[in-house]
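Take a walk through this chain with its sequence and coordinates at hand. The route runs from the surface to charged pairs, then to cysteines and the overall layout.

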Amino acid sequence: MAWWLIPAFPYLGAMILILAGGRLSKPAAGIIGCGSMGLSALLTIITGVAFISGKGEPLTLRLWEWFDVAGWSPGITLYLDSLSLVFTFVITFVGFLIHVYSTGYMAKDEGFTRFFAYLNLFVGSMLMLVLADNLLLMYLGWEGVGLCSFLLIGFWYKDPVNGAAAQKAFIVTRIGDTAFAIGLFMLFQAFGTLNIREILSGTEGVWPAAASPTVIALLLLGGAVGKSAQLPLQTWLPDAMAGPTPVSALIHAATMVTAGVYLIARMHPIFELSPAAMSTVALIGALTLLIAGFSALCQRDLKRVLAYSTISQIGYMFLALGLGAWTAAIFHFFTHAFFKALLFLGAGAVIEALHHEQDMFKMGGLRKELPVVYWTFLAGSASLAALPLITAGFYSKDQIVWLAFAGENGSTWLWLAALTGAFLTAIYTFRMVFITFWGEVKTAVSHHPGKAMTVPLLILAFFSIFAGFIELPHNLGHITLFSGFLNTVLPVSHSVRESIALEWLSQGIAAILTFGGIYISWLFFIRKPQLLPGLDKSTRGLQRLFHSGWAFDQLYGALLVRPYKWLAAINREDITDKFYTSLASFSFWLNRQFIQTQTGILRQYILGAAIGALIILTISILA
């Protein structure tokens, strides 16, 4: 089976759109963009069925040799196992729905063809990242994803704010990428290869004395933290909302921010060798989910609430990875992709219907004006808030909360952090729902979304509710289809507190916190909004802190950006600059002298030729 076509289709679509974009009509560009993604998604499903029928045997396909240096010859080789298949399915399936939605959302945009070219390139790079069999090829996809995010966040480049957001995302993620690259050099020095399976099989024996697993794991974590917008490199993601909303859906649900989760899960044997690195991953996840949760409470921009929500939910995934609950982390990635794509696409439908208004407090009363958007958005919100028993988000988040308490690496503090995060999630999620869709109409709806936008919402709403039923906890049926599928690649996580009563207690507390959070939002924004002014007055300082994302931008500006600019200004006239400036000035002077010889007067050319001949003749005689 030619499953190598899975990443090839999006790349092919991007190439056609780039080369022939100016001559294509919008319908033709849409068909190429969506068609290539649809073919990729269809081939992924066919490959997945064959993979499961073949008892889950990994597939390897060497396409060609990349280069050969002193006997080292990394290949363009694809590797498909259950872990990469889960990511490939999410990337292509959710990516296809986002492409279809975009044909409606971007229909009037003059950069329609360019937009689909970037989208296809983005998806192709992410597929290359998860299907690579060696870290060098993975790094190529990793940087491709970074480049495409820069192009898409700054898609409306005529607005300087969008350009600044794109630059910020690019530069901040480069910090993590640098750590990742150093980690690759150290791995190559220790193992003499960057083939993932050879490195991971090498960790089962004696670890090379030339490298420390803790140092390498922390360097890989640095790369993951940058791409997945985790503490302390989370500041780029809220500003990335400057891009078109389908881009936000793609970055948050199927590509980019999930790359860090994939990297840690794929390289998990190295992390398991270092308890310090595992604890660091869990701590980063726990702190990030709390910081982002508090920040989401005070946002006015609908998309920024969702951006902080993504940072928080990825924090849950990092917490699970740090606990060694590998399949729980990937299961939350799986369900999160559906409900987060749904929420972003629903937000896009609302924003477009309200003349591109993004301030929630200028919305309201939309549940009757946009019923399909409302009900699907409500399904996504319920799943994000982990409404018990009936949503996919409950089953995936419940695993992490339970293992934070009962897992081998769990602790009471991590469990309390996970519960607090669940409480915050319920508050800010339903605050968003009540302000946007309930109450009085504040901005008239200009037009309603078409089927190209509503059909993807309905499909994603279905998965946001039902995707969680493939993995149920011990006390609710104990179905393990998802973890059973992944256990050929990822180790089984065990509970050290096998108690049904304790599991019921943990779920009960989480459920009370979820319903409590929804009640608080309903009380302040629907039942008694007159309480809000008093609350605002008494918590104004905290609200400013949360609204600014805990002032990380201001802190980095004071500690890093402004000192760097100051030093750069001092260094502007350094000796190196003077050398190059002098060289450029000499070139300009020389150019001006030669220009003098081009007068267009024939007798001057003849005189010049005669003088030149005389000089050559004289030199020949004297020599």
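A residue is called buried when its relative accessible area is under 20%, exposed when it is over 50%, and partly exposed in between. Keep in mind that this is a predicted model.

Start with Leu147. At 41% relative accessibility, Leu147 counts as partly exposed. Leu147 sits in helix H5. Together with Phe150, Phe170 and Ile171, Leu147 makes a nonpolar surface patch of about 330 Å². Two helices contribute: H5 (135–153) and H6 (160–191) each supply at least two residues of the patch.

Now turn to charge. A salt bridge here needs a side-chain nitrogen of Lys or Arg within 4 Å of a carboxyl oxygen of Asp or Glu. By that rule, the count is 10 salt bridges. Three of these pairs are worth following.

Arg197 pairs with Asp133, and their closest N and O atoms are 3.1 Å apart. Arg197 belongs to helix H7 (residues 196–202), while Asp133 lies in the loop between helix H4 (112–131) and H5, so the salt bridge ties together parts that are 64 residues apart in sequence. How do the two partners differ in cover? Asp133 is buried, with a relative accessible area of 6%. Arg197, at 35%, is partly exposed.

Next comes Lys227 with Asp177, a salt bridge of 3.3 Å from N to O. This pair also links distant parts of the chain: Lys227 is in helix H8 (residues 213–227) and Asp177 in helix H6, 50 residues apart. Are these side chains buried or exposed? Lys227 is buried, with a relative accessible area of 0%. Asp177 is buried too, at 1%.

The third pair joins Asp359 to Arg300, at 3.1 Å from N to O. Both partners sit in loops. Asp359 is between helix H15 (326–353) and helix H16 (366–369), and Arg300 is between helix H13 (275–297) and helix H14 (302–323); the two are 59 residues apart. Asp359 is buried, with a relative accessible area of 16%. Arg300 is partly exposed, with 40%. Elsewhere, salt bridges that share partners join Glu143, Arg174, Asp177 and Lys227 into one network.

What about covalent cross-links? A search of the whole structure finds zero disulfides. Cys34 is in none, and the nearest cysteine sulfur, that of Cys148, is 17 Å away. Why does Cys148 not bond with Cys34? A disulfide needs two cysteine sulfur atoms within 2.5 Å, and the 17 Å between these sulfurs is too far for a bond. Cys34 counts as buried, at 10% relative accessibility. Cys148 is buried as well, with a relative accessible area of 2%.

Finally, step back to the layout. The protein chain is divided into domain 1 (275–527) and domain 2 (577–622). Their C-alpha centres lie 73 Å apart.

The UniProt record, an unreviewed entry, adds its own spans. It lists residues 66–116 as "domain: NADH-Ubiquinone oxidoreductase (complex I) chain 5 N-terminal". In the model, residues 66–116 are 57% helix and 12% strand, with end C-alpha atoms 28 Å apart. For residues 132–425, UniProt gives "domain: NADH:quinone oxidoreductase/Mrp antiporter transmembrane". Residues 132–425 are 75% helix and 0% strand, and the end C-alpha atoms of this span lie 35 Å apart.

Definitions and conventions: Residues numbered from 1 in each chain as written. Predicted model: local features only at pLDDT ≥ 70, side-chain atom pairs only at ≥ 80, totals over all residues. Heavy atoms only, no water. Buried < 20%, exposed > 50% of the residue type's maximum accessible area, 1.4 Å probe, protein only. Domains from an automatic or database assignment. UniProt positions renumbered as here; feature names shortened; annotations may be inferred. Helix = DSSP H or I, 4+ residues; strand = E, 2+ residues; numbered from the N terminus. Patch = residues over 30% accessible without salt bridge, like charges linked within 9 Å, V, L, I, M, F, W, Y side chains within 5 Å. Areas by Shrake-Rupley, 256 points an atom, 1.4 Å probe, with all protein chains shown as cover.
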